[in-house]
Amino acid sequence: MIGNDWDKVLAVIENSDGFKKFLQLINQKYNESTCYPPKEYIFNALKLTSYKDTKVVIVGQDPYHGEGEAHGLSFSVQKGIKIPPSLQNIYKELESDLGIKSAKDGDLTKWAKEGVLLLNAVLTVKKDTPASHRNLGWELLTDYIIKALNQKEEPVVFILWGNFAKEKQKYITNPKHLVITSSHPSPFSASYGFFGSKPFSKTNEFLIKNKIKPIDWQL
């Protein structure tokens, strides 16, 4: 399904009758109405960042629900699309933290290739209807992914922005890992703990301390 080592990690789920029925349900949703991201991008985060190569996880809620935006990576939009407000604030914090100027577009594919798993808790959404595919079953898969990463021997940084993402902290019990939390980068909450939280420098300091190559956050 994915085409890398995630297939082995997720084999128990991928081969289950329940998951096959769930994928049929998602297919039905795509047939009934316009849904995002395009089908070929649904598992983009896992395709671009293998289990072995995952150094950092940034948890999002569900995909952007506007036309042409979502491409399977949390907080990221396709090239040529206006940068969403939350991502604008992420760029502001990146510049404040590491002095890296804002990118001209919102495509975070380079981060994914650096080892940053940009994982939404829900992987699909109906057009113009946020959270429309919540509680269909995606959370069973993405929670399993977080639990599998928790079992990694190599230290991983989990970045949890906002209350929704912080709910996933209960699955991260391995003391080898680092959990960074703050308020969400949304304009409604960024000023209440996101700005000034320095997640990017904290991540790299932890990776270097553990003799892991740091993330090049420059886009």
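Me: Two strands pair if DSSP finds at least two bridges between them. What makes strand E2 (residues 56-60) and strand E5 (residues 157-161) a pair?

Reply: E2 and E5 share 4 bridges in the parallel sense, and the rule asks for at least two, so they pair. One of those partnerships links valine 56 to valine 157 in E5. By the way, this is a predicted model: local features need pLDDT of at least 70, side-chain atom pairs count only at pLDDT 80 or more, and totals for chains, interfaces and linings use all residues. Residues are numbered from 1 along each chain as its sequence is written, and side-chain values use heavy atoms, leaving out hydrogens and water.

Me: How do you know that E5 and E6 belong together too?

Reply: Count the bridges: 5 of them join E5 to E6, and the two strands run parallel. That meets the minimum of at least two, so this is a pair as well. Here tryptophan 161 has serine 182 in E6 as its bridge partner.

Me: And why are strand E3 (116-120) and E6 called edge strands?

Reply: The open sheet has 4 strands in the order E3-E2-E5-E6, with parallel pairing. E3 and E6 each pair on one side only. Neighbouring strands are turned by 20 degrees against each other on average, direction ignored.

Me: What makes E5 "mostly covered"?

Reply: 5 of its 5 residues are buried, meaning under 20% relative accessible area (over 50% is exposed, in between is partly exposed; 1.4 Å probe, protein chains only). Val157, Ile159 and Trp161 cover one side, Phe158 and Leu160 the other, and all are buried.

Me: Histidine 184 and alanine 190: why does each get its label, buried or exposed?

Reply: Histidine 184 has 17% relative accessibility, so it counts as buried. Alanine 190 is at 1%, so it is buried too. Histidine 184 is in the loop between E6 and H9, and alanine 190 is in the loop between strand E6 (178-182) and helix H9 (199-209).

Me: What does alanine 190 touch?

Reply: Leaving out residues up to four places away in sequence, it touches Asn89, Ser183, His184, Pro185 and Phe195; contact means heavy atoms within 4.5 Å. Alanine 190 and asparagine 89 are 101 residues apart in sequence but 7.3 Å apart in space, C-alpha to C-alpha.

Me: How do you know that helix H5 (residues 85-98) reaches about as far as expected?

Reply: The expected span is 1.5 Å times one less than the number of residues. H5 has 14 residues and reaches 20 Å from its first C-alpha to its last, close to the 20 Å expected. Helices are DSSP runs (H or I, at least four residues), strands are E runs of at least two, and both are numbered from the N terminus.

Me: Which parts cover the buried residues of H5?

Reply: The cover includes helix H6 (109-114), E5 and H9. Among the buried residues of H5 are Leu87, Asn89 and Ile90. Right after H5 comes glycine 99, with a positive phi near 75 degrees.

Me: What about H7, how many of its residues are buried?

Reply: 10 of its 13 residues are buried, which makes H7 mostly covered. Trp138, Leu141 and Ile145 are among them. H7 reaches 19 Å from its first C-alpha to its last, close to the 18 Å expected.

How values were computed. Axes fitted to C-alpha atoms, helices over the stretch in contact; angles between N-to-C directions.
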